[in-house]
Amino acid sequence: MNIETLATFFGWCTVINIGLMIFGGLSWILLKEGLSKLVATMFGVTQEEVKAAFLRKLLYYRAAVFFLNLAPYIALKIMA
């Protein structure tokens, strides 16, 4: 496996993960109240806790995409 193959792999991983992140963010924006109410009743927490937890997880996901997909892609492109 060469550097170009790995760079292509990490590039597509980044594109797919950013797409999933955008989809999750948009679906949360459009369905925030209904989803937070549903999840709150399922797990016995308040809607504010659900909203805060979702935003925290979205930030963790964004950081993971950057450090595990985008940073290796950029490093491989520099090396190539």
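**Exercises on helix H1**

Gly-24 has a relative accessibility of 18%, so Gly-24 counts as buried. Keep in mind that this is a predicted model.

**Exercise 1.** Work out where Gly-24 sits and which other residues of its helix are buried.

*Solution.* Start with the cut-off: buried means under 20% relative accessible area, and Gly-24 comes in at 18%. Next, place the residue: Gly-24 belongs to helix H1. Now go through the buried residues of H1, which include Phe-10, Asn-17, Gly-25, Trp-28 and Ala-40 alongside Gly-24. Last, look at what lies over them: helix H2 (47–79) is part of the cover. For a sense of distance along the way, the C-alpha atoms of Gly-24 and Phe-9 are 23 Å apart, with the two positions 15 residues apart along the chain.

**Exercise 2.** Compare the span of H1 with that of a straight helix, and find where H1 kinks.

*Solution.* H1 covers residues 3–43, and a straight helix of 41 residues would span 60 Å. The end C-alpha atoms of H1 are only 46 Å apart. Then look for a bend: H1 has a kink of about 85 degrees, centred on Leu-31. Just past the end of H1, Gly-44 adopts a positive phi of about 70 degrees.

**Exercise 3.** How are H1 and H2 oriented relative to each other?

*Solution.* Take the axes first: they come within 9 Å and cross at roughly 170 degrees. Angles over 145 degrees count as roughly antiparallel, so H1 and H2 are roughly antiparallel to each other. Finally, sort the residues of their contact: 22 are nonpolar, seven polar and seven charged.

Note on methods
Residues numbered from 1 in each chain as written. Predicted model: local features only at pLDDT ≥ 70, side-chain atom pairs only at ≥ 80, totals over all residues. Heavy atoms only, no water. Helix = DSSP H or I, 4+ residues; strand = E, 2+ residues; numbered from the N terminus. Expected span 1.5 Å × (residues − 1). Bend = angle between axes of the 7 residues up to and from the residue. Buried < 20%, exposed > 50% of the residue type's maximum accessible area, 1.4 Å probe, protein only. Contact = heavy atoms within 4.5 Å. Axes fitted to C-alpha atoms, helices over the stretch in contact; angles between N-to-C directions. Parallel < 35°, antiparallel > 145°, perpendicular 65-115°, else oblique. Nonpolar A, V, L, I, M, F, W, Y, C, P; charged D, E, K, R; others polar.
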